[in-house]
Amino acid sequence: MRWLPETVLRPGRYLRDLAKRSPSRMAVLIFFLAAVLFSGLLTLPVSSADGRAAPLQDAVFTATSAVTVTGLTSVDTATQWSFFGQVVILLAIQAGGLGIVTIALLLMRAVTRHLGVRGKLFAQQSIGGASKLGEVGQLLRIVVVTTLTIEAILVLALVPRFVMIEEHWWEGLWNALFYGISAFNNAGFSIHEGGLAPFDGDLWILVPIMIEVFVGSFGFPVFLTLIIHKWHRRKWSLHTKLTLTTTTILLAVGALAWGLLEWGNDRTIGHLNPAEKAFHALFASVMMRSGGFALTDTNESTPITLLVSDALMFVGGGSASTAGGIKVATLAVLFLGIIAEARGDRHVIAAGRHIPDGSLRLAISVTFLGATLVLVATGLVMTVSTAPLDRILFEVISAFATCGLSVGLSAELEPFGKYVLSLLMLAGRIGPIGLAAALALRQRNLLYTLPEERPIIG
């Protein structure tokens, strides 16, 4: 057995060394293995409603979508998967919702018995809120407890209504549990044909789900700040202020834009009264950035509405949250940098704080990486699909941003196209996080300086 590689003979040592050398790579590996595990479970005949093994591409696509809490589906969740299959999907959503950071660090702790300095720095950068390295373990417990508590609150709010409308009480309980976990984790999965459209007008169901998706997009750093400092705004971190402010602005702008653009579209909300149109616009604005639930057929929206949705999906939600995209704090830093440059300021200032130049470079890097992934994936999908560019771009951005809204293209694609979107969902979920963590840990102090020379920009 001496001819076998060391990593095969002693996987524990390999994982331990990897955890110490590169926590971000460890997180990526764990996320990938989770996708493989749930894909295998969904290929089992017992996972399908008809008792036959699902096509591999559909099992991989669904499992990846669940683990990355995206919500895109290539088959109807309500009809394709059995109760066992839906349980597998829900477990994948919960695992993905707890986050690549939390899962990676918990397993790293189990392997290494403790978090090294690099691991704790990775946790601080990814989760936030820790002023001392020794607090990271406590933060991980807070993340898990906070997630389960908020999900439980939503489940309790939904149970009475679902029990009332379902034929059996256990069906109502299962629906409440599924939507409670799916909503907070911004997954967008639905176990009813037509998604949430059958519940259009039922505010008892739609309002709690909408609130839960909105809250879930804040991110754990914001939760930790609110837990510690409550509503004392002066004590909030700059990240919390930027996230909540930008999120509120995007919510209002998205609702106004979507409502105006779809106001006269009879295929979506044109036939509704003004109050119903306003609610649909607000619901759509919340879901466009991360939630993935829809009350109308997204494919029936106007092309310009799809374009606005592309922009909001690309931004996504808060850092270290269940939402995807480049994150709202990234957008805020970019805009603040533009404003500072326009004013001729040497430093980027926000809320009485100086934002380091490194944060601005990191925001640019994350945005450029996201745009590159979208560009490459769009080109690959175009090679196997004759769909219009606006539909392809919408589906690709939804996959990258782990949003889950769909124009129906995922179900139409050939296996190659589904695998491309599956990889994009994984890359979209771990790409910005992994890049940010890797760059945060790779700080070089040069012992020399070079002559300064400015290239011509613009």
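1. A starting point in this predicted model is Asp202, which counts as buried, since its relative accessibility is 14% and the limit for a buried residue is under 20%. The side chain of Asp202 meets that of Arg161 in a salt bridge, with a distance of 2.8 Å from N to O. Arg161 belongs to helix α9 (residues 136-165), while Asp202 sits in the loop between α10 and α11 (203-216), so this pair ties together parts that are 41 residues apart in sequence.

2. The contact just described belongs to a wider set, as the structure holds five salt bridges. Side chains of opposite charge can pair when their charged atoms come close. Another of these contacts joins Lys418 and Asp58, whose side chains meet at 2.8 Å, N to O. Here the pair links distant parts of the chain, with Lys418 in helix α20 (residues 415-441) and Asp58 in helix α4 (residues 56-67), 360 residues apart. Both Lys418 and Asp58 are buried.

3. A further salt bridge is formed by Asp50 and Arg52, and in this case the closest N and O atoms are 3.4 Å apart. Are the two partners buried or exposed? Asp50 counts as partly exposed, with 47% relative accessibility, whereas Arg52, with a relative accessible area of 58%, is exposed.

4. Turning to the aromatic side chains, the reader will find twelve aromatic pairs in the model. One of them brings together Phe214 and Phe218, and because the ring centres are 5.1 Å apart and the ring planes stand at 75°, the pair is edge-to-face; the angle required for that label is over 60 degrees. Phe218 is itself buried, its relative accessible area being 12%. Elsewhere, ring pairs link a set of residues into a cluster, whose members are Phe83, Phe162, Trp174, Phe178, Tyr179, Phe199 and Phe293.

5. On the surface, a nonpolar patch is formed by Val163, Trp169, Trp170 and Leu173, which together have about 420 Å² of accessible area. Which helix supplies the largest share of this nonpolar patch? That share, three residues, comes from helix α10 (residues 169-184). Leu173 lies in helix α10 and is partly exposed, with a relative accessible area of 39%, a value that passes the threshold of over 30% set for patch residues.

6. The interior also deserves attention. Rolling a probe the size of a water molecule over the atoms shows where empty space is left. In this model the count comes to two cavities of 30 Å³ or more, and the largest cavity has a volume of about 160 Å³. Its lining consists of 17 residues, and those nearest the centre of the largest cavity are Trp258, Ala284, Ala294, Thr296 and Thr298.

7. Which helices contribute at least two residues each to the lining of the largest cavity? They are α14 (274-291) and α15 (303-315), and α14 gives the most, with five residues. Ala284, one of the lining residues nearest the centre of the largest cavity, lies in helix α14. Ala284 is buried, with a relative accessible area of 13%, and its C-alpha atom is separated by 9.4 Å from that of Leu251, although the two residues are 33 residues apart along the chain.

8. Two places in the backbone are worth checking by eye, the first of them at Lys230, which is not a glycine and yet has a positive phi of about 55°. Lys230 is placed in the loop between α12 (220-229) and α13 (238-262), where it is partly exposed, with a relative accessible area of 48%.

9. The other place is Thr402, again a residue other than glycine with a positive phi, here near 45°. Thr402 is found in the loop between α18 (389-400) and α19 (409-412). Is this loop residue, Thr402, buried or exposed? Thr402 is buried, with a relative accessible area of 0%, whereas Lys230 is partly exposed.

Methods
Residues are numbered from 1 along each chain as its sequence is written. This is a predicted model: local features need pLDDT of at least 70, side-chain atom pairs count only at pLDDT 80 or more; totals for chains, interfaces and linings use all residues. Side-chain values use heavy atoms; hydrogens and water are left out. Rings of Phe, Tyr and Trp (its six-membered ring) pair if their centres lie within 6.5 Å; planes under 30 degrees apart count as stacked, over 60 as edge-to-face and the rest as tilted. Buried means under 20% relative accessible area, exposed over 50%, partly exposed in between (1.4 Å probe, protein chains only). Patches are made of residues with over 30% relative accessible area and no salt bridge: like charges are joined within 9 Å, nonpolar side chains (Val, Leu, Ile, Met, Phe, Trp, Tyr) within 5 Å. Accessible areas come from the Shrake-Rupley method with a 1.4 Å probe; for residues, only the protein chains shown count as cover. A salt bridge is a side-chain nitrogen of Lys or Arg within 4 Å of a carboxyl oxygen of Asp or Glu. Helices (H or I, at least four residues) and strands (E, at least two) are DSSP runs, numbered from the N terminus. On a 1 Å grid over the protein atoms alone, a cavity is a set of points where a 1.4 Å probe fits but cannot get out, and a pocket is an open set with protein on both sides within 12 Å along at least five of seven lines; lining residues have an atom within 4 Å of a point. Grid points are joined across faces, edges and corners, and a volume is the space filled by probe spheres set on the points.
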